[in-house]
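Student: Got a minute to go through this model with me? I'd like to start with the packing and then look at charges.

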Amino acid sequence: DATPALSALETREVQSVDWTGTHGDPMVAVFVPVEGRTQDDPLGVIALFQSVDAVTRAADEMRGILLQTAFFALVLASLAAFFLARRVSRPVEELGELARTLGRGELYARSHGQYSGEFQQLAEQMDEMAGQMEELLRSRTLFAALISHEIRTPITTVRGFAQAILDGMIEPEDQDPYLETILGETRRIERLLGDLLQLERLESGQLPLEPSWVPIARLLEDACKRITPQAAARSITPEVADLPRNWQVWADEERIAQVLANLLDNALRHSPAGGSIHLDARPDGSAVKFVVADEGPGFCNERIDRVFDRFYRASNAGGGVGLGLAISREIIERHGGSIRAENRPEGGARVLFRLPRTRHVSGNTSE
């Protein structure tokens, strides 16, 4: 049948048809036109014949190869998925066990594996959290011990003196010093409980601020006046910088006065007899930086970053339970400011705190 060949010559396109071989076996015939020098001058047609069985065998062989390739690819993918899942699940299981251990209160636990990517970041964050929780637990334990000591000591004194008076061991004319001691110890307990309550209210945001424009010079002068009697008793000289009267800061005057009182009390406690305490305020852009400096032994360099932690007391801290500086930091941060401590190059300690809003007013201002 020459029809497919003639069609290939006429259309210049390959023709593919079913064919029947000499012995009646099915075949596939393909007729490919062969171009001559010009498109109008074809040379002829090449006829290709292939048994359908051969094509089927070739297809079967190709199908087998594809199935084998797919099988090996599936095996390799399964192995890769298994090892990848193990690599992902192992840090998840280890970090999950670490979380459960910390949840049981074993705060010393830490991650010990070397992870990659996000797992390493998560492990570092969990270790940091565990360290903070452990530090908090130590602080609370220390706090319990300090509070127990600070309250038990005055209560013991009050109870002992009160019992002695009630038992008639102290004559009425000799009771005044003992009653004054009892009154002083009760005031000490009252101050301690007041500090605890104030710190709790500051940290929880329940203590509102009442800011206004306050003359900076007046803040420093009033703070200096409050410590003058105690300073004179130890021959310590408070020195206040001479500041412009029209320079004001936006702050809660009562709270900032409390901060200055806390800082000056610490400076007074650590200053040697015959020394001096320096109180100053310096411009810092549109802000003001207050400075309280003393001539004492200074801060321990290794722990200087902890002096504002609640309940922290240095070895040479004297009295108190470490609440004054913690309260001061909370007050300053509530004002949007910052506070830090450092040692002076010439000796002594210095505490600086910054308040962000100041102004200079023109004309006379009422203080």
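Tutor: Let's take the core, then the salt bridges, then a backbone oddity.

Tutor: This is a predicted model, so local features need pLDDT of at least 70, side-chain atom pairs count only at pLDDT 80 or more, and totals for chains, interfaces and linings use all residues. Residues are numbered from 1 along each chain as its sequence is written, and side-chain values use heavy atoms, with hydrogens and water left out.

Student: Which residues touch the most other members in the largest nonpolar core?

Tutor: I256, L260, F290, F353 and L355, out of 44 residues. A nonpolar core here is a set of buried (under 20% relative accessible area, 1.4 Å probe, protein chains only) Ala, Val, Leu, Ile, Met, Phe, Trp, Tyr and Cys residues joined through side-chain atoms within 4.5 Å.

Student: What does F353 touch?

Tutor: Leaving out residues up to four places away in sequence, its contacts include I256, L260, F290 and I332. Contact means heavy atoms within 4.5 Å.

Student: OK, charges. How many salt bridges are there?

Tutor: Ten, counting a side-chain nitrogen of Lys or Arg within 4 Å of a carboxyl oxygen of Asp or Glu. One of them joins E346 and R344, with the closest N and O atoms 2.7 Å apart.

Student: Is R344 buried or exposed?

Tutor: Buried, at 14% relative accessibility, whereas E346 is exposed at 55%, the cut-off for exposed being over 50%.

Student: And the backbone: which phi does R12 have?

Tutor: A positive one of about 55°, although R12 is not a glycine. Most residues other than glycine have a negative phi.
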